[in-house]
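Work through the exercises below with the structure open beside you. Try each task before you read its solution.

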Amino acid sequence: LLWEWVNPVAALGRALIYSFGATTWLILVVFLFDLFIVEHGWCGHLCPIGATYGVIGAKSLLRIKVIDRARCDNCMDCYNVCPEPQVLRSPLHGKNNESLLVLSQDCISCGRCIDVCAEKVFTFSHRFNNDIPVVNLNR
């Protein structure tokens with residue numbers, strides 16, 4: 001119950017129905033926290049739902065894997081559809097000795113990058129095998 005009182009999404013909904021009051025300050029504080037203190041401050045650091053997604057992302061067995069970096073033609077479609085595009089940087093454009101797996105806890109393994117890539121650079125794999133993909137959905 002306490003969570004719903006401070007949740008800015010629920011508070012905004014209440015404000016739209018019942019009028020703005022103290023809710024304005026809550027939404028303003030969350031906005032300024034995200035703007036000036038830390039990027040994704042509310043969803044990535046304070047929100048219990050965001051923290052749950054972070055734990056799931058950190059411990060998930062299913063991972064996105066870059067099959068072949070040379071296939072990438074830098075069209076940036078994967079970056080445009082990814083909710084957290086920074087997670088693609090190292091596996092896609094990293095050095096040869098870096099992992100081809102997206103191991104960042106920010107990746108939710110949504111597979112949008114797989115769907116949008118015309119060059120078939122990505123596939124689903126698991127975190128323990130960096131060489132052989134488990135499932136290749138690009139065929």
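The exercises that follow use a predicted model.

**Exercise 1. Overall layout**

Task: State how many helices and strands the chain has, and give their order.

Solution:
- Step 1. Count the elements. The chain holds eight helices and two strands.
- Step 2. Read them along the sequence. The pattern is α-α-α-α-α-β-α-α-α-β.
- Step 3. Check burial. The chain has 139 residues, and 30% of them count as buried.
- Step 4. Look at the surface. About 9,200 Å² is exposed, with 63% of it supplied by carbon and sulfur atoms.
- Step 5. Look at contact range. Take contacts between residues at least 6 apart in sequence: 58% of them join residues at least 24 apart.

**Exercise 2. The two sides of a helix**

Task: Find which residues of helix H2 are buried, and decide where they sit around the axis.

Solution:
- Step 1. Locate the helix. H2 spans residues 8-18.
- Step 2. Pick out the buried residues. Pro8, Ala10, Ala11 and Ala15 are buried.
- Step 3. Place them around the axis. Their arc is only 155°, so they lie on the same side of H2.
- Step 4. Turn to the other side of H2. Val9, Leu16 and Ile17 are exposed there.
- Step 5. Step past the end of the helix. Ser19 follows H2 and has a positive phi, near 100°.

**Exercise 3. A nonpolar surface patch**

Task: Name the residues that make the nonpolar surface patch, and classify Trp25 as buried or exposed.

Solution:
- Step 1. List the members. Trp25, Leu28, Phe31, Leu32, Leu35, Phe36 and Ile37 form the patch.
- Step 2. Give its area. The patch is about 800 Å².
- Step 3. Place Trp25. This residue belongs to helix H3, residues 22-37.
- Step 4. Apply the cut-off. Exposed means over 50% relative accessible area. Trp25 has 59%, so Trp25 is exposed.

**Exercise 4. The largest nonpolar core**

Task: Identify the best-connected residues of the largest nonpolar core, and the elements that supply at least two residues each.

Solution:
- Step 1. Size the core. It has 16 residues.
- Step 2. Find those with the most contacts inside it. They are Ile64, Cys78, Leu88, Leu92, Cys113 and Phe122.
- Step 3. Trace the contributors. Strand E1 (62-66), helix H6 (77-81), helix H8 (112-116) and strand E2 (122-126) each give at least two residues.
- Step 4. Zoom in on Cys113. Beyond its neighbours within four places in sequence, Cys113 contacts Ile64, Cys78, Val81, Leu88 and Phe122.
- Step 5. Set this against the general trend. Nonpolar side chains in soluble globular proteins tend to be buried together.

**Exercise 5. Three loop residues**

Task: Locate Met76, Lys120 and Leu100, and classify the exposure of each.

Solution:
- Step 1. Recall the backbone rule. Most residues other than glycine have a negative phi.
- Step 2. Take Met76. Met76 is in the loop between E1 and H6, and its phi is positive, near 70°.
- Step 3. Take Lys120. Lys120 is in the loop between H8 and E2, with a positive phi near 55°.
- Step 4. Take Leu100. Leu100 lies in the loop between helix H7 (89-93) and H8. Its C-alpha atom is 8.4 Å from that of Arg69, 31 residues away along the chain.
- Step 5. Classify exposure. Buried means under 20%, and partly exposed lies between that and the exposed limit of 50%. Met76 has 38%, so Met76 is partly exposed. Lys120, at 35%, is partly exposed. Leu100, at 21%, is partly exposed.

Conventions
Residues numbered from 1 in each chain as written. Predicted model: local features only at pLDDT ≥ 70, side-chain atom pairs only at ≥ 80, totals over all residues. Heavy atoms only, no water. Core = buried A, V, L, I, M, F, W, Y, C linked by side-chain atoms within 4.5 Å. Buried < 20%, exposed > 50% of the residue type's maximum accessible area, 1.4 Å probe, protein only. Helix = DSSP H or I, 4+ residues; strand = E, 2+ residues; numbered from the N terminus. Contact = heavy atoms within 4.5 Å. Patch = residues over 30% accessible without salt bridge, like charges linked within 9 Å, V, L, I, M, F, W, Y side chains within 5 Å. Areas by Shrake-Rupley, 256 points an atom, 1.4 Å probe, with all protein chains shown as cover. Salt bridge = Lys/Arg side-chain N within 4 Å of Asp/Glu carboxyl O. Arc of directions from axis to C-beta.
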